[in-house]
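Got the viewer open and a selection box ready? Here is a walk through the model, stop by stop, with something to click at each one.

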Amino acid sequence: MDTPLPTGAELRRLYDQGTNIMAYLRRVSGVEHNAEGIIAAAYDLQAGSYVREREDPRRAATLLPYARAIADVLRRYGATSVLEAGVGEATTFCDVVEFTGIEPPQAWGFDLCWSRIAVGREYARRRGLAEACLFTGSLFRIPVCDDAFDVVYTSHSIEPNRGRELAAAHELVRVARSHVVLFEPIYELAGPDAQARMDRLGYCRDLFAQLSGAGLKVVEYRLMDECPTNALNPTGVLVVAKSTAHRRPPQFICPQAGSPLRPLGGHWYSDESHLVYPVLEGVPCLLPGNGVLASSFPAFAA
Ligand SMILES: C[S@@+](CC[C@H](N)C(=O)[O-])C[C@H]1O[C@@H](n2cnc3c(N)ncnc32)[C@H](O)[C@@H]1O
(Lines give C-alpha, C1' and ligand atoms only; values in the text may rest on other atoms or scores of the structure.)
Protein backbone atom coordinates (compact mmCIF):
# COMPACT_ATOMS: atom_id res chain seq x y z
CA MET A 1 0.00 0.00 0.00
CA ASP A 2 1.21 3.55 -0.79
CA THR A 3 2.46 5.63 2.15
CA PRO A 4 -0.14 8.39 2.76
CA LEU A 5 1.22 11.85 2.00
CA PRO A 6 1.72 14.08 5.05
CA THR A 7 -0.88 16.68 5.92
CA GLY A 8 -0.22 20.41 5.86
CA ALA A 9 0.20 20.47 9.64
CA GLU A 10 2.77 17.66 9.50
CA LEU A 11 4.65 19.49 6.77
CA ARG A 12 4.61 22.66 8.87
CA ARG A 13 6.18 20.74 11.78
CA LEU A 14 8.87 19.29 9.48
CA TYR A 15 9.52 22.71 7.94
CA ASP A 16 9.91 24.27 11.40
CA GLN A 17 12.45 21.54 12.23
CA GLY A 18 14.51 22.53 9.17
CA THR A 19 13.52 19.70 6.79
CA ASN A 20 13.89 20.41 3.06
CA ILE A 21 10.23 19.89 2.14
CA MET A 22 10.71 19.38 -1.59
CA ALA A 23 13.35 16.69 -1.04
CA TYR A 24 11.19 15.07 1.65
CA LEU A 25 8.08 15.00 -0.57
CA ARG A 26 10.03 13.64 -3.55
CA ARG A 27 11.28 10.84 -1.35
CA VAL A 28 7.94 9.88 0.23
CA SER A 29 6.14 10.15 -3.12
CA GLY A 30 8.86 8.09 -4.86
CA VAL A 31 9.35 10.64 -7.66
CA GLU A 32 12.54 12.04 -9.12
CA HIS A 33 11.31 15.49 -10.19
CA ASN A 34 9.42 18.18 -8.28
CA ALA A 35 5.75 17.87 -9.30
CA GLU A 36 3.78 21.14 -9.04
CA GLY A 37 2.00 19.85 -5.90
CA ILE A 38 5.39 19.32 -4.24
CA ILE A 39 6.61 22.79 -5.24
CA ALA A 40 3.39 24.39 -4.00
CA ALA A 41 3.49 22.57 -0.65
CA ALA A 42 7.10 23.60 -0.03
CA TYR A 43 6.81 27.24 -1.11
CA ASP A 44 3.44 27.97 0.50
CA LEU A 45 5.00 27.22 3.91
CA GLN A 46 7.70 29.81 3.25
CA ALA A 47 5.19 32.68 2.94
CA GLY A 48 6.56 35.78 4.66
CA SER A 49 10.21 34.74 4.55
CA TYR A 50 11.07 36.74 1.39
CA VAL A 51 9.53 39.95 2.74
CA ARG A 52 11.51 39.49 5.98
CA GLU A 53 14.68 39.02 3.93
CA ARG A 54 13.97 42.02 1.71
CA GLU A 55 13.47 44.15 4.82
CA ASP A 56 16.81 43.06 6.29
CA PRO A 57 19.26 45.77 5.17
CA ARG A 58 22.11 43.24 4.78
CA ARG A 59 20.07 41.08 2.39
CA ALA A 60 18.68 44.17 0.64
CA ALA A 61 22.27 45.07 -0.27
CA THR A 62 22.34 41.92 -2.46
CA LEU A 63 18.71 41.90 -3.58
CA LEU A 64 18.54 45.51 -4.79
CA PRO A 65 21.42 45.27 -7.32
CA TYR A 66 19.82 42.05 -8.60
CA ALA A 67 16.44 43.78 -9.13
CA ARG A 68 18.18 46.78 -10.71
CA ALA A 69 19.98 44.48 -13.16
CA ILE A 70 16.64 42.84 -14.07
CA ALA A 71 15.08 46.27 -14.60
CA ASP A 72 17.98 47.29 -16.87
CA VAL A 73 17.40 44.25 -19.07
CA LEU A 74 13.62 44.78 -19.20
CA ARG A 75 14.09 48.44 -20.12
CA ARG A 76 16.54 47.46 -22.87
CA TYR A 77 13.77 45.30 -24.37
CA GLY A 78 11.30 48.17 -24.25
CA ALA A 79 8.98 46.85 -21.53
CA THR A 80 6.03 49.11 -20.75
CA SER A 81 3.97 46.22 -19.43
CA VAL A 82 5.26 43.11 -17.65
CA LEU A 83 4.18 39.82 -16.17
CA GLU A 84 6.36 38.08 -13.58
CA ALA A 85 5.62 34.35 -13.64
CA GLY A 86 6.29 32.75 -10.24
CA VAL A 87 6.29 36.13 -8.50
CA GLY A 88 6.53 34.70 -4.97
CA GLU A 89 5.92 37.47 -2.43
CA ALA A 90 6.40 40.19 -5.06
CA THR A 91 9.66 41.33 -3.46
CA THR A 92 11.78 41.27 -6.62
CA PHE A 93 8.69 42.43 -8.55
CA CYS A 94 8.14 45.61 -6.49
CA ASP A 95 11.78 46.65 -6.88
CA VAL A 96 11.68 45.90 -10.62
CA VAL A 97 8.46 47.87 -11.10
CA GLU A 98 9.98 50.83 -9.27
CA PHE A 99 13.31 50.69 -11.11
CA THR A 100 11.66 50.40 -14.56
CA GLY A 101 9.01 53.04 -13.82
CA ILE A 102 6.31 50.76 -15.30
CA GLU A 103 2.82 51.92 -14.30
CA PRO A 104 1.53 49.57 -11.55
CA PRO A 105 -1.67 48.57 -13.45
CA GLN A 106 0.61 47.40 -16.30
CA ALA A 107 2.52 45.12 -13.91
CA TRP A 108 1.05 41.68 -13.23
CA GLY A 109 2.38 38.65 -11.39
CA PHE A 110 1.21 35.20 -10.41
CA ASP A 111 2.40 32.29 -8.29
CA LEU A 112 1.36 28.74 -7.44
CA CYS A 113 1.00 29.63 -3.75
CA TRP A 114 -1.98 31.54 -2.38
CA SER A 115 -0.15 32.38 0.87
CA ARG A 116 2.76 33.97 -0.96
CA ILE A 117 0.45 36.06 -3.16
CA ALA A 118 -1.51 37.16 -0.09
CA VAL A 119 1.75 38.29 1.55
CA GLY A 120 2.85 39.85 -1.75
CA ARG A 121 -0.36 41.86 -2.17
CA GLU A 122 0.06 43.29 1.30
CA TYR A 123 3.73 44.05 0.62
CA ALA A 124 2.94 45.72 -2.75
CA ARG A 125 0.29 47.84 -1.02
CA ARG A 126 2.87 48.99 1.55
CA ARG A 127 5.23 49.85 -1.29
CA GLY A 128 2.55 52.03 -2.94
CA LEU A 129 1.93 49.47 -5.71
CA ALA A 130 -1.57 48.33 -4.74
CA GLU A 131 -2.72 48.64 -8.36
CA ALA A 132 -0.39 45.89 -9.53
CA CYS A 133 -2.38 42.74 -10.33
CA LEU A 134 -1.35 39.64 -8.35
CA PHE A 135 -3.11 36.27 -8.54
CA THR A 136 -2.49 32.53 -8.30
CA GLY A 137 -1.75 30.51 -11.42
CA SER A 138 0.44 27.82 -12.93
CA LEU A 139 3.39 28.32 -15.25
CA PHE A 140 1.96 25.53 -17.41
CA ARG A 141 -1.56 26.98 -17.79
CA ILE A 142 -1.13 30.73 -17.41
CA PRO A 143 -4.63 32.18 -16.87
CA VAL A 144 -4.02 35.16 -19.17
CA CYS A 145 -4.85 35.69 -22.86
CA ASP A 146 -2.23 35.50 -25.65
CA ASP A 147 0.06 38.46 -26.51
CA ALA A 148 -0.86 40.37 -23.36
CA PHE A 149 2.44 41.83 -22.04
CA ASP A 150 5.42 43.46 -23.76
CA VAL A 151 7.79 41.39 -21.66
CA VAL A 152 7.15 38.30 -19.56
CA TYR A 153 9.92 37.41 -17.13
CA THR A 154 10.79 34.87 -14.46
CA SER A 155 13.17 35.08 -11.52
CA HIS A 156 14.15 31.61 -10.28
CA SER A 157 10.66 30.17 -10.79
CA ILE A 158 11.34 27.72 -13.60
CA GLU A 159 14.18 26.66 -11.26
CA PRO A 160 12.43 23.78 -9.40
CA ASN A 161 10.54 22.53 -12.50
CA ARG A 162 13.23 20.27 -14.02
CA GLY A 163 11.83 18.23 -16.90
CA ARG A 164 9.15 20.79 -17.81
CA GLU A 165 11.36 23.72 -18.85
CA LEU A 166 10.17 23.76 -22.47
CA ALA A 167 6.47 23.49 -21.58
CA ALA A 168 6.89 26.52 -19.30
CA ALA A 169 8.77 28.47 -21.98
CA HIS A 170 6.01 27.86 -24.56
CA GLU A 171 3.39 29.21 -22.13
CA LEU A 172 5.49 32.28 -21.34
CA VAL A 173 5.98 32.97 -25.05
CA ARG A 174 2.22 32.62 -25.64
CA VAL A 175 1.37 35.50 -23.28
CA ALA A 176 4.29 37.77 -24.34
CA ARG A 177 4.25 40.27 -27.18
CA SER A 178 7.91 40.98 -27.76
CA HIS A 179 10.24 39.14 -25.35
CA VAL A 180 10.43 36.49 -22.65
CA VAL A 181 13.30 37.03 -20.25
CA LEU A 182 14.34 34.21 -17.95
CA PHE A 183 16.47 35.02 -14.90
CA GLU A 184 17.16 31.44 -13.91
CA PRO A 185 20.07 29.29 -12.76
CA ILE A 186 22.05 28.17 -15.80
CA TYR A 187 23.24 24.63 -15.16
CA GLU A 188 25.49 24.50 -18.22
CA LEU A 189 27.40 27.66 -17.24
CA ALA A 190 27.79 26.62 -13.59
CA GLY A 191 30.72 24.79 -11.98
CA PRO A 192 30.63 21.12 -10.91
CA ASP A 193 29.68 21.86 -7.27
CA ALA A 194 26.78 24.04 -8.36
CA GLN A 195 25.68 21.41 -10.89
CA ALA A 196 25.74 18.69 -8.21
CA ARG A 197 23.56 20.87 -5.98
CA MET A 198 21.13 21.58 -8.82
CA ASP A 199 20.91 17.84 -9.55
CA ARG A 200 20.18 17.16 -5.89
CA LEU A 201 17.45 19.82 -5.77
CA GLY A 202 15.85 18.99 -9.14
CA TYR A 203 16.63 22.40 -10.64
CA CYS A 204 16.14 23.25 -14.32
CA ARG A 205 18.77 22.47 -16.93
CA ASP A 206 19.48 22.62 -20.68
CA LEU A 207 17.43 25.81 -21.05
CA PHE A 208 19.39 27.09 -24.05
CA ALA A 209 19.51 23.72 -25.86
CA GLN A 210 15.86 22.94 -25.21
CA LEU A 211 14.51 26.35 -26.23
CA SER A 212 16.66 26.89 -29.29
CA GLY A 213 16.17 23.22 -30.28
CA ALA A 214 12.41 23.86 -30.28
CA GLY A 215 12.84 26.77 -32.69
CA LEU A 216 12.54 29.60 -30.13
CA LYS A 217 14.74 32.58 -31.03
CA VAL A 218 17.25 33.00 -28.18
CA VAL A 219 18.83 36.45 -28.55
CA GLU A 220 20.77 36.74 -25.28
CA TYR A 221 22.32 34.05 -23.08
CA ARG A 222 24.84 34.73 -20.33
CA LEU A 223 25.53 34.56 -16.62
CA MET A 224 24.72 37.67 -14.58
CA ASP A 225 27.15 39.32 -12.19
CA GLU A 226 24.34 39.74 -9.67
CA CYS A 227 22.78 36.76 -7.88
CA PRO A 228 19.97 36.85 -5.30
CA THR A 229 20.92 33.61 -3.54
CA ASN A 230 24.38 32.05 -3.40
CA ALA A 231 27.31 31.25 -5.64
CA LEU A 232 26.13 27.65 -5.96
CA ASN A 233 23.00 28.89 -7.71
CA PRO A 234 24.34 31.34 -10.32
CA THR A 235 21.65 33.32 -12.15
CA GLY A 236 21.77 33.65 -15.90
CA VAL A 237 19.78 35.67 -18.41
CA LEU A 238 18.14 33.96 -21.36
CA VAL A 239 16.05 36.12 -23.68
CA VAL A 240 13.61 34.79 -26.27
CA ALA A 241 12.36 37.18 -28.96
CA LYS A 242 8.80 36.92 -30.23
CA SER A 243 7.24 39.18 -32.77
CA THR A 244 3.50 39.44 -32.96
CA ALA A 245 1.29 41.94 -34.72
CA HIS A 246 -1.36 41.38 -32.05
CA ARG A 247 -1.66 43.63 -29.07
CA ARG A 248 -4.32 42.55 -26.60
CA PRO A 249 -5.05 44.12 -23.25
CA PRO A 250 -4.27 41.57 -20.55
CA GLN A 251 -7.35 39.57 -19.63
CA PHE A 252 -7.91 36.57 -17.38
CA ILE A 253 -8.80 33.31 -19.14
CA CYS A 254 -10.08 30.01 -17.78
CA PRO A 255 -6.95 27.90 -17.26
CA GLN A 256 -8.93 24.85 -18.36
CA ALA A 257 -10.99 26.12 -21.33
CA GLY A 258 -8.67 28.93 -22.42
CA SER A 259 -11.63 31.28 -23.01
CA PRO A 260 -12.17 34.66 -21.27
CA LEU A 261 -13.28 34.91 -17.66
CA ARG A 262 -15.69 37.63 -16.61
CA PRO A 263 -16.11 39.13 -13.15
CA LEU A 264 -19.31 37.88 -11.57
CA GLY A 265 -20.50 38.06 -7.98
CA GLY A 266 -17.01 39.01 -6.78
CA HIS A 267 -15.41 35.99 -8.50
CA TRP A 268 -14.34 35.02 -12.04
CA TYR A 269 -16.70 33.00 -14.24
CA SER A 270 -16.22 31.15 -17.52
CA ASP A 271 -19.24 31.09 -19.85
CA GLU A 272 -17.45 28.30 -21.73
CA SER A 273 -16.51 25.85 -18.97
CA HIS A 274 -19.08 27.04 -16.37
CA LEU A 275 -16.28 27.08 -13.81
CA VAL A 276 -16.15 29.76 -11.12
CA TYR A 277 -12.69 30.78 -9.92
CA PRO A 278 -12.96 32.21 -6.41
CA VAL A 279 -11.41 35.41 -5.15
CA LEU A 280 -10.07 34.62 -1.68
CA GLU A 281 -9.21 37.65 0.50
CA GLY A 282 -8.75 39.67 -2.68
CA VAL A 283 -6.60 37.04 -4.44
CA PRO A 284 -8.05 35.66 -7.70
CA CYS A 285 -7.43 31.90 -7.50
CA LEU A 286 -6.76 30.86 -11.08
CA LEU A 287 -4.99 27.52 -10.83
CA PRO A 288 -6.53 24.88 -13.13
CA GLY A 289 -7.83 22.94 -10.11
CA ASN A 290 -9.40 25.99 -8.45
CA GLY A 291 -12.52 26.13 -10.65
CA VAL A 292 -15.86 25.20 -9.06
CA LEU A 293 -18.30 23.72 -11.56
CA ALA A 294 -21.43 25.89 -11.19
CA SER A 295 -23.48 26.26 -14.38
CA SER A 296 -26.25 28.05 -12.41
CA PHE A 297 -23.85 30.60 -10.90
CA PRO A 298 -24.98 33.45 -13.22
CA ALA A 299 -28.58 33.03 -11.99
CA PHE A 300 -27.52 33.36 -8.35
CA ALA A 301 -24.68 35.86 -8.64
CA ALA A 302 -26.20 38.33 -11.10
C1 LIG B 1 12.72 30.99 -5.69
S2 LIG B 1 11.09 31.64 -5.60
C3 LIG B 1 11.29 33.17 -6.48
C4 LIG B 1 10.15 34.13 -6.26
C5 LIG B 1 10.26 35.46 -7.03
N6 LIG B 1 10.33 35.23 -8.44
C7 LIG B 1 11.43 36.26 -6.56
O8 LIG B 1 12.33 36.56 -7.35
O9 LIG B 1 11.44 36.64 -5.37
C10 LIG B 1 10.25 30.63 -6.81
C11 LIG B 1 8.75 30.89 -6.90
O12 LIG B 1 8.26 30.27 -8.09
C13 LIG B 1 7.01 29.70 -7.83
N14 LIG B 1 6.80 28.60 -8.78
C15 LIG B 1 7.58 27.51 -8.95
N16 LIG B 1 7.03 26.69 -9.86
C17 LIG B 1 5.88 27.28 -10.29
C18 LIG B 1 4.87 26.91 -11.22
N19 LIG B 1 4.95 25.75 -11.86
N20 LIG B 1 3.84 27.74 -11.42
C21 LIG B 1 3.76 28.93 -10.74
N22 LIG B 1 4.68 29.33 -9.83
C23 LIG B 1 5.73 28.51 -9.60
C24 LIG B 1 7.12 29.21 -6.40
O25 LIG B 1 5.86 29.02 -5.80
C26 LIG B 1 7.95 30.30 -5.75
O27 LIG B 1 7.14 31.29 -5.15
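Before we start, one definition for the strand stops: two strands count as paired if DSSP finds at least two bridges between them. Keep in mind too that this is a predicted model.

**Stop 1: the four-stranded sheet**

Put that definition to use right away by selecting Val276, which stands opposite Val292 in β13. Now widen the selection to strand β10 (residues 275–277), which is joined to β13 by two bridges, with the two strands running antiparallel. They belong to an open sheet of four strands, ordered β8-β9-β10-β13 and paired antiparallel. Colour β8 (261–264) and β13 (292–293) to mark the edges, where each strand pairs on one side only.

**Stop 2: the seven-stranded sheet**

Next, show the open sheet of seven strands; reading across, the order is β3-β2-β1-β4-β5-β7-β6, and the pairing is mixed. The edge strands here are β3 (133–136) and β6 (217–223), each with pairing on one side only. Ignoring direction, neighbouring strands in this sheet are turned against each other by 15 degrees on average.

**Stop 3: the β3 edge**

Zoom in on β3 and strand β2 (residues 107–111), which pair in the parallel sense over four bridges. Two pairs are good to label:

- Gly109, whose bridge partner in β3 is Leu134
- Trp108, which stands opposite Cys133 in β3

Are the residues on the two faces of β3 buried or exposed? Turn on side chains and check both sides: Cys133 and Phe135 on one face are buried, and so are Leu134 and Thr136 on the other. As background, side chains in a regular strand alternate between the two faces of the sheet. Then add helix α7 (residues 114–126), which lies across β2 and β3 and runs at about 170 degrees to β3.

**Stop 4: the β6 edge**

Slide over to the other edge of the sheet and select strand β7 (residues 235–241). How many of the seven residues of β7 are buried? The count is six, so to speak a mostly covered strand. On one side, β7 is joined to strand β5 (residues 176–185) by seven bridges, running antiparallel; pick Val180 and you'll find its bridge partner Val240 in β7. β7 also pairs with β6, again in the antiparallel sense, over six bridges. For a landmark there, click Leu223, which sits opposite Gly236 in β7.

**Stop 5: helix α6**

Time for helices. Select α6 (residues 91–100), a mostly covered helix with eight of its 10 residues buried. The buried ones are Thr91, Thr92, Phe93, Cys94, Asp95, Val96, Val97 and Thr100. Step just past the end of α6 to Gly101, which takes a positive phi of about 80 degrees.

**Stop 6: α2 against α3**

Last selection: helix α2 (residues 21–29) together with helix α3 (residues 36–45). Their axes come within 9 Å and cross at roughly 150 degrees. Angles over 145 degrees count as roughly antiparallel, so that is how α2 and α3 run relative to each other. The crossing of α2 past α3 is right-handed.

Which residues meet here? From α2, show Ile21, Met22, Leu25, Arg26 and Ser29; from α3, show Ile38, Ile39, Ala41, Ala42, Tyr43 and Leu45. Colour this contact by class and you get nine nonpolar residues, one polar and one charged.

Notes: Residues are numbered from 1 along each chain as its sequence is written. This is a predicted model: local features need pLDDT of at least 70, side-chain atom pairs count only at pLDDT 80 or more; totals for chains, interfaces and linings use all residues. Side-chain values use heavy atoms; hydrogens and water are left out. Axes are lines fitted to C-alpha atoms, for helices over the stretch in contact, and angles run from 0 to 180 degrees between N-to-C directions. Angles under 35 degrees count as roughly parallel, over 145 as roughly antiparallel, 65 to 115 as roughly perpendicular and the rest as oblique. A crossing is left-handed if the near helix is turned anticlockwise from the far one by less than a right angle, and right-handed if clockwise. Contact means heavy atoms within 4.5 Å. Ala, Val, Leu, Ile, Met, Phe, Trp, Tyr, Cys and Pro count as nonpolar, Asp, Glu, Lys and Arg as charged, and the others, Gly among them, as polar. Buried means under 20% relative accessible area, exposed over 50%, partly exposed in between (1.4 Å probe, protein chains only).
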